[in-house]
Amino acid sequence: GDSSSGFAPSFIEKPRIIPNESGTLITLRCNCTANPKPEVEWYKGTKLVTETSKISMKVTGKENIYEILLLIQDPIGPDSGTYRCHVKNEHGESNANLNLNIETDPEPEGEPPTFLIKPRIQSKNNGKLVVMDCTVKASPKPEVVWYLDGKILNQSSKLSWRVEEKGDSYYICLELKNPGKEDTGLYKCSIKNGNGELNANLTLNIEIIPVIKEVPRVVTISKTKNVVIECRIQSIFEPQCTWKKDNTVIKDNVTRQTKIERVNDGEYLVKLEVKNATSSDKGIYNLIAKNEKGEVVSSPIEVKEVVEEKVEKPSIDEKLKSIRANEGERIEFVSSLSKIDKQVTVIWYRNSTKITETSETIINFDGKRASLIITKTKIEHSGTYKIVFKNSAGSDESSAELNIFEKMEVDEKQEEEVKETKEKTVKRKSSITTKKTEESETKESASPEVKRKSSILKTTDETEIKEDGQQEVKRRSSILKKSTEKTTTTEEEQKDKEKRRSSILKKSTEKTTTTEEEQKDKEKR
């Protein structure tokens, strides 16, 4: 197509291989035209080439002409081969091949020395022997030379080394007997064969006696009420350490412990930890560090203050109050401390049994106010409730009673029903009697037979009223008796209720009697 709509990539000159003068860099270069800019991939044989620390790629260009470079740093024989530059865009693709041949000297057989176990310094026989060693892999067997501060070392009765062959690896070991101050310095082990060279550097520090690197310091940990005194010691071997307080040796026990931590080669951090420190732990402290060569005493450090958190036992401000409630009602016991104390634990009891939270029993405590909520009470919830506030300094407690009664609603309903039934009965009988009396009055000439019927009716009505009244009284007595058995209220409440019921009964009886008398008068008339 024409240039306005774009075109496929096309190489415009022969690809070139350009080495630099020193031979440390080889550039593979291709030039092509394309629109739009092509995507570029390099292949060595059939394998895609990717960028590494050794290989890099560049594409630069303008006006649809692009320079494509593949750069190979420090080329060696294995980098030789056929390279292919592949360019493509939406209109097509193209390839350019380059053959790279690098001539190098034949590589010697075997491999250069490499560390299998890195160099290290070890102290043995209580510091009387220093061992420096490492393990390498090499082929052929390497030559080993030791140096101290740049000078070649010679073997002697005090200083010796050996190389032990173990399969395809070699163990290299230097031993220094009875080390002294003159043996300190930088030790270098040179390990080489025809394929390469390897060096191991080890610094040996030997002190005649331990050296205190800094003045002891106090670290106070207030939350746990611990006091920590620490001091750094420089020593090739771990020293024996003793702390003194006011010139008296401190012996390790449950509350006082000496700890030695190795922080670096030849350096130790010595700590004295005092747990639950009190004012008796104030005073002057010293550290004594020693080994076979001698001992050193630290500068004195004074512990002036010990953080003592005063803990007061809980004090109840608001005590529990006894509660009376009907079955099924929600109740809440509340008790409060005189001040907030988040360290306090709260325990609730019912009749000496510890109470745990359930879906119906809710326990709350915010550091001052404690509450126990029973969302739906039952008879068996009745009892003595106790709350105990407790901390490390002591405890305080409060108790109260909970009385749960059976519901009175049913008895009251029955009483209302009895009253309504009696009133209806009286009204009905009164209505019947009145009607009969009116009929008697209108029939003044009524026969003796009618009068006799009226007399019978009157007697019957009186009997019915009397029987109904007795039945009502009996039923009320039964209800009263049943209510008395079920209810566990106080005697005063019970007497009030009995009086109220007696009053209702008396009024009902009076009404019945009045109605009967009115009836007699009307019939006589």
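**Strand pairing, ring contacts and a buried lysine**

Strand β4 (residues 39–44) and β5 are joined by two bridges and run antiparallel. Within this pairing, L48 of β5 is the bridge partner of Y43. The model is a predicted one. Both strands belong to an open sheet of four strands. The order is β5-β4-β8-β9, and the pairing is antiparallel. The edges are held by β5 (47–48) and β9 (92–100). Each has a single partner strand, so one side of each is left without a neighbour in the sheet. Strands of a sheet pair through backbone hydrogen bonds, in either a parallel or an antiparallel sense.

Y43 also takes part in a contact with a charge. The charged end of R84 sits over the ring of Y43. The distance to the ring centre is 4.4 Å. A second such arrangement involves K386, which lies over the face of Y349. Here the distance to the ring centre is 5.2 Å.

A further antiparallel pairing links strand β6 (residues 55–62) with strand β7 (residues 65–73). Eight bridges make up this pairing. V59 stands opposite I68, a residue of β7. The hairpin of β6 and β7 has two residues between the strands. In this hairpin, E63 takes a positive phi near 50 degrees.

Aromatic pairs were examined next. A pair of aromatic rings is described by the distance of the centres and the angle of the planes. The structure holds two aromatic pairs. In one of them, the ring centres of F365 and F389 are 5.9 Å apart. Their planes stand at 55 degrees, so the pair is tilted; an edge-to-face pair would need an angle over 60. This pair links distant parts of the chain, with the two positions 24 residues apart in numbering. F365 is in strand β33 (residues 361–365), while F389 is in strand β35 (residues 383–391). The surroundings of the two rings were also assessed. F365 is partly exposed, with a relative accessible area of 30%. F389 is buried, with a relative accessible area of 0%.

A lysine was also found to be buried. K271 is found in strand β24 (residues 267–274). Its relative accessible area is 17%. K271 counts as buried because this value is under the 20% cut-off. Leaving aside residues up to four places away in sequence, K271 touches V228, I229, E230, W243, Q257, T258, K259 and E261.

Terms used
Residues are numbered from 1 along each chain as its sequence is written. This is a predicted model: local features need pLDDT of at least 70, side-chain atom pairs count only at pLDDT 80 or more; totals for chains, interfaces and linings use all residues. Side-chain values use heavy atoms; hydrogens and water are left out. Rings of Phe, Tyr and Trp (its six-membered ring) pair if their centres lie within 6.5 Å; planes under 30 degrees apart count as stacked, over 60 as edge-to-face and the rest as tilted. Buried means under 20% relative accessible area, exposed over 50%, partly exposed in between (1.4 Å probe, protein chains only). A charge sits over a ring if NZ of Lys or CZ of Arg is within 6 Å of the ring centre and within 35 degrees of the ring normal. Two strands pair if DSSP finds at least two bridges between them. Contact means heavy atoms within 4.5 Å.
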